[in-house]
Amino acid sequence: MSFGMRVALLVVATAEIIFGILGNGFIGLVNCMEWAKNGKVSAADLILTGLAMSRIIQLWVILLDLLIIGLFPHVYTTTNLAKVVTVLWTLANHLTTWFATCLSIFYFLKIANFSHFFFIWLKWRVNRGVLGLFLGSFFLLPFNLSMQDTVSERWMNTHRISERNMTLHLDVNTIFYLKILLSLTYVFPFLLSLISLLLLFVSLVRHTKNLQLNLTGRDSSTDAHRRAMKMVTSFLLLFIIYNISILLASWMFIKVQKYQVVMLFVVISTIFPSGHSFILILGNSKLRQIASRLLRHFKFFERSKTFSFIDII
């Protein structure tokens, strides 16, 4: 690929990242302003705000990574910048993954309905349970950081060796195997979200059967189940695409060193932190209504020449 193709990929990625920052910024701004206005915030809004803020950080790190790969790829092999970007990416990725997982579990505990005593016990303590899970995830963070530091160190050491040296091939394979091992640390949050989705489906089936026995039509609980399932399903699908893209990008960067292809996979992975924010907005009635009012205000902005985001909220 030519330099022009690199620039084109950078333009596409920048557009994706701008939309992602706007979407996540909207979520965080609405919830923070409502918090300041009412003096309180719900647990769901708190999780959404944390997710939005951590994704904004993640998007800025992705943009920095793309600019380096696209314009100055040699910087990663000659300086310690790779370690800095790696630490920032690992921290942001950890926060976004676990905030999204906690949101899936929160939806499940709030909406699903089971008679098992353990589920009822968790349902009563949903806020403390989700908070405990999120704080407990930080025990995995030192392992992730140490693994990423090892990968970065091996990467820099490998490229100080001549390309004709057999050690280079061995070290490159070791680096990629370490990346695969590192990606396995995200299997646990993925399984938690998947289990939440499956149990939401079971709860919906049971609830639908009860409605049919009572000759009752669809109610608000049915709609809540379906909305929650759509949200969790979208997270899981985008999470899979994101991790596969990151692994392929790592393979191309470490093994083949085709930087343009690396950029392409990173652009694909950016769909997750950018696109998922708009799915969250559409799936949340409060955010959807405010976004709708905001769009209507923009239509009349040129006429009145006045605009107040506070009035919309």
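Apart from its neighbours within four places in sequence, T270 makes contact with E16, I17, L59, I62 and G275. This residue of the predicted model is placed in the loop that runs between α11 (259-269) and α12 (271-283). T270 has a relative accessible area of 0% and is therefore buried. Among the partners of T270, E16 and I17 fall within the span of helix α1, residues 3-38, while L59 and I62 fall within that of helix α2, residues 43-71.

The setting of this loop residue is a chain with 15 helices and zero strands. Of the 313 residues in the chain, 46% are buried. Among contacts with a separation of 6 or more, 76% are accounted for by residues 24 or more positions apart. The chain has an accessible surface of about 16,600 Å², and carbon and sulfur atoms contribute 70% of that area.

Two salt bridges are present in the structure. One of them pairs E34 with K286, with a distance of 3.1 Å between the closest N and O atoms. This pair connects distant parts of the chain, since E34 belongs to helix α1 (residues 3-38) and K286 to helix α13 (residues 285-299), a separation of 252 residues. The relative accessibility of K286 is 19%; because the limit for a buried residue is under 20%, K286 counts as buried.

K286 also takes part in a salt bridge with D45, in which the side chains meet at 2.8 Å, N to O. Here too, distant parts of the chain are linked: K286 lies in helix α13 and D45 in helix α2 (residues 43-71), with their positions 241 residues apart. D45 has a relative accessibility of 9% and therefore counts as buried. Through shared partners, the salt bridges join E34, D45 and K286 into one network. K286 is the partner of E34 in one pair and of D45 in the other. Helices α1 and α13 are thus represented by E34 and K286, and helix α2 by D45.

Methods
Residues are numbered from 1 along each chain as its sequence is written. This is a predicted model: local features need pLDDT of at least 70, side-chain atom pairs count only at pLDDT 80 or more; totals for chains, interfaces and linings use all residues. Side-chain values use heavy atoms; hydrogens and water are left out. A salt bridge is a side-chain nitrogen of Lys or Arg within 4 Å of a carboxyl oxygen of Asp or Glu. Helices (H or I, at least four residues) and strands (E, at least two) are DSSP runs, numbered from the N terminus. Buried means under 20% relative accessible area, exposed over 50%, partly exposed in between (1.4 Å probe, protein chains only). Contact means heavy atoms within 4.5 Å. Accessible areas come from the Shrake-Rupley method with a 1.4 Å probe; for residues, only the protein chains shown count as cover.
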